[in-house]
Amino acid sequence: MNIWSVAVVGGGTMGAGIIYAISNLGVPVIFKELNENLVKKCQDQVNRIYASAVNKGKITEEEMKKGLKLIHGDSDYKGFEKVDLVIEAVPEDVVIKERIFQEMDRICKPEAIFASNTSAILISELASFTQRRSKFIGMHWFNPPHVMRLIEVIPGLETSEETVKTTMALCEKLNKVPIRLKECAGFLIARLLGMYVNEAFWMLGEGHRPADIDQSGVEMGMPMGPFTLGDMAGWDIVHHANMTLYEVYGKRFKIPPHFDELVSSRQFGVKVGKGIYQYKRGESGPPQKTDDISPSLNKREREILSNRLLWTMINEGIRCLDESIASEVDIDKALQLGAGMPKGPLRWADEVGLDWIFMELDNRKEMFGERYWPSPLLRRKVKAGHLGTKVGKGFFDYRS
């Protein structure tokens, strides 16, 4: 199926970036917001994205003019009956999404594909709100969507192969990297980042300073520490996603007490001026931290924290492979593109040694609990002698 026109529901940061990406491809886009003020706000944001792209030399003035002419926003569903694809990008509230999908299902033509940008809610559940389950799919973009290349593509239980192929083809035309995933709570990136963030809060409860924990994440190779990441993303959003993981996977995703306390006190991060850190806004540029963010631990002590963050993320990545969420190559590619990992978790495991990771996890499982319990596949690999690059075989084969 060819996609000749697209509608986007929700004109926030994600919606605006998606609108830019689609229109810049030369495909007409209509979008819906709650009222005219929000319609204008979204259009202004899209205009800024286009202007920035011109200033950086990514597109020409003429291409910007052509792209902007393809966009039309409104506070109702006018024009939705003609589009081939609808991308939903509203807040992560299943009640809101249910109402929107039911309404659109009555308006849109039967052959139109519905795609949700949800980062955690099961696609099959969202599809059940419609009469087009075979035409329903997860299309999870990453922030900022006009920059980040990864898109997680998640079929539901009844999604047709044609819908999957059409969605994957569109992603490729957009110069994105689509990774097809088996449906599960949190999909792939949110599962591993959920483990990354939760482990940081357990460390905080042990008395470690946020600055040391964040620095440990950076020294591990992540683009930013877990607390800086959460402050930027919004702790209310991260907490909601991690609660979904806990409800499905149980104790290994138990929410640490300090995380619950942070959210209950409404310290959501940069957007409210206070999260793990406090922020001040300057006349231009992003908000700046006002806390003391200099590490107090020495490099060796921070290395221990780095290893804990790494072990738990790798362990969860191995579980995803064991559950056939994606292939080895796709898991590694997704985590590099979507989470900024310097290496994919599986190749990283091969390099440091599966036996070492197994031993470190196993030695701590009684102290730290379920999240340190080595995954069954990791145990099988170690027992089989598939220890990584040092023996030529781990999750990948290095013998040729």
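Let's start at one residue in this predicted model: Ser124, which, leaving aside its neighbours within four places in sequence, is in contact with Gly156, Leu157 and Glu183. Contact here means heavy atoms within 4.5 Å. Ser124 itself sits in helix α5, which covers residues 123-127. If you would like a distance to check in your viewer, take the C-alpha atoms of Ser124 and Thr159: these two residues are 35 residues apart along the chain, and the atoms are separated by 8.5 Å.

From here, step back to the sheet. It is an open sheet of 8 strands with mixed pairing, and you can trace its order as β3-β2-β1-β4-β5-β6-β7-β8. Which strands stand at the edges? They are β3 (71-74) and β8 (177-180); each has a single partner strand, so one side of each is left without a neighbour in the sheet. Going from one strand to the next, the twist averages 25 degrees.

Now pick out strand β1, residues 6-9. Its side chains alternate: Val6 and Val8 point one way, Ala7 and Val9 point the other way, and all of them are buried. Buried, in this case, stands for under 20% relative accessible area. β1 has a partner in β2 (residues 29-32), with 4 bridges joining the two strands in parallel. Within that pairing, Val6 has Val29 of β2 as its bridge partner. Helix α1, residues 13-24, belongs to this part of the picture too: together with β1 and β2 it makes a right-handed β-α-β unit. β1 also pairs with β4, again in the parallel sense and over 4 bridges. There, Ala7 stands opposite Val86 of β4.

Next, move along the sheet to β6 and β7. How do strands β6 and β7 run, parallel or antiparallel? Strand β6 (residues 136-141) and strand β7 (residues 150-155) run antiparallel, joined by 5 bridges. One pair to look for is Gly138, which stands opposite Ile154 in β7.

Two helices complete the tour. Helix α6 (residues 161-173) packs on the sheet, where it touches β4 (85-88), β5 (113-116), β6, β7 and β8. The direction of α6 makes about 25 degrees with that of β6. Helix α13, made of residues 328-339, lies across β7 and β8. Relative to β8, α13 runs at about 135 degrees.

Methods:
Residues numbered from 1 in each chain as written. Predicted model: local features only at pLDDT ≥ 70, side-chain atom pairs only at ≥ 80, totals over all residues. Heavy atoms only, no water. Pairing = 2+ DSSP bridges. Axes fitted to C-alpha atoms, helices over the stretch in contact; angles between N-to-C directions. Buried < 20%, exposed > 50% of the residue type's maximum accessible area, 1.4 Å probe, protein only. Right-handed = clockwise from strand over helix to strand, strands pointing away.
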